[in-house]
Amino acid sequence: MSYRASSWFILFFVLLVLVSGCASYRLGVANPLIPAGYSIQVGLFQNSTSQPGLSESVNGSIRREIHRDGTFELADADDCEVFLTGNITTYRRSPVSFRPKDTLSVRDFDVELSTQVKVLEKSSGKLLVDRVITSRTTVRLGDDLASAERQALPLLSSELAKRTVALLAEGGW
């Protein structure tokens, strides 16, 4: 094989490797179901748990995250293209660690919040997204359980909102 033929072979091989490495790259909008710039109305999330105050916290956090992210616009009922709603299905506490000298007393809890999120296209009524999104945080038990849960609620809602907006903007990978 001559020098010229081997250099063409090497060049072809290098180009083949470069092209195959970029084969899964997406140009443009990552989620073709909901294009960037669409206006979203956030409906009231229903609370199916016994924990009070979840619905208001989740709604406020999702609105703040949509506004902060900037991919979509918040809209009213009249001028929206997409309607986002959900159902808070699970609020669960699980003990993570116990006090060193009292193995019956919990020191840290893992708190989990699961929500069934649905996104509908307003004009056609087509269901674009129907998925369960879960957020978790760890809470150190202070003087009482109620105050520790009140401190954990904004963290749970914020993480749930970030995951929800990421799902809408980037799609389900």
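This report describes a predicted model, moving from its helices to its salt bridges and then to a few single residues.

## The first helix and a nonpolar patch

Helix 1 covers residues 3–21, and leucine 11 is one of the residues that lie in this helix. The relative accessible area of leucine 11 is 41%, and because this value falls between the limits of 20% and 50%, leucine 11 is described as partly exposed.

Leucine 11 also belongs to a nonpolar patch on the surface, which is formed by Trp8, Phe9, Ile10, Leu11, Phe12, Phe13, Val14, Leu15, Leu16, Val17 and Leu18. Taken together, the residues of this patch have about 1200 Å² of accessible area. Isoleucine 10, which is part of the patch, can also be compared in position with threonine 49: these two residues are 39 residues apart along the chain, and their C-alpha atoms are separated by 63 Å.

## How helix 2 meets helix 3

Helix 2 is made of residues 54–69, and it packs against helix 3 at an angle of about 50°, with the two axes 8 Å apart. That angle makes helix 2 oblique to helix 3. The crossing in which helix 2 passes helix 3 is right-handed.

Individual residues help to place these two helices in the structure. Leucine 54 is found in helix 2, and with a relative accessible area of 0% this leucine is buried. The C-alpha atom of leucine 54 is 13 Å from that of glutamate 159, although the two residues are 105 residues apart in sequence. Glutamate 170 has its place in helix 3, which covers residues 145–170, and at 43% relative accessibility glutamate 170 counts as partly exposed. Between the C-alpha atoms of glutamate 170 and threonine 71 there is a separation of 9.9 Å, while along the chain these residues are 99 residues apart.

## Salt bridges between strands

Side chains of opposite charge can pair when their charged atoms come close. In this structure there are six salt bridges, and three of them are described here and in the next section.

One salt bridge joins the side chains of arginine 92 and glutamate 112, with a distance of 2.8 Å from N to O. Arginine 92 belongs to strand 4 (residues 82–99) and glutamate 112 to strand 5 (residues 102–121), so this pair ties together parts that are 20 residues apart in sequence. The two partners can be set side by side in terms of their surroundings: arginine 92 counts as partly exposed at 41% relative accessibility, whereas glutamate 112 counts as buried at 13%. Both residues also take part in a network of salt bridges that links Arg92, Glu112 and Arg136.

Another salt bridge is made by the side chains of arginine 140 and aspartate 108, which meet at 2.5 Å, N to O. Because arginine 140 lies in strand 6 (residues 127–140) and aspartate 108 lies in strand 5, the pair ties together parts that are 32 residues apart in sequence. Arginine 140 is exposed, with a relative accessible area of 52%, while aspartate 108 is buried, with a relative accessible area of 10%.

## A salt bridge within helix 3

The side chains of glutamate 159 and arginine 163 also meet in a salt bridge, where the distance from N to O is 2.7 Å. These two residues are four residues apart in helix 3, which means that about one helical turn separates them. Glutamate 159 counts as partly exposed at 23% relative accessibility, and arginine 163 is partly exposed as well, with a relative accessible area of 41%.

## Residues in a loop and in a strand

Where is threonine 49 found? Threonine 49 is in the loop between strand 2 (46–47) and helix 2. At 19% relative accessibility threonine 49 counts as buried, because this value is under the limit of 20%.

Valine 96 lies in strand 4, and at 48% relative accessibility this valine counts as partly exposed. Valine 96 and valine 111 are 15 residues apart along the chain, and the distance that separates their C-alpha atoms is 9.8 Å.

Notes
Residues numbered from 1 in each chain as written. Predicted model: local features only at pLDDT ≥ 70, side-chain atom pairs only at ≥ 80, totals over all residues. Heavy atoms only, no water. Patch = residues over 30% accessible without salt bridge, like charges linked within 9 Å, V, L, I, M, F, W, Y side chains within 5 Å. Areas by Shrake-Rupley, 256 points an atom, 1.4 Å probe, with all protein chains shown as cover. Salt bridge = Lys/Arg side-chain N within 4 Å of Asp/Glu carboxyl O. Buried < 20%, exposed > 50% of the residue type's maximum accessible area, 1.4 Å probe, protein only. Axes fitted to C-alpha atoms, helices over the stretch in contact; angles between N-to-C directions. Parallel < 35°, antiparallel > 145°, perpendicular 65-115°, else oblique. Left-handed = near helix turned anticlockwise from the far one by under 90°.
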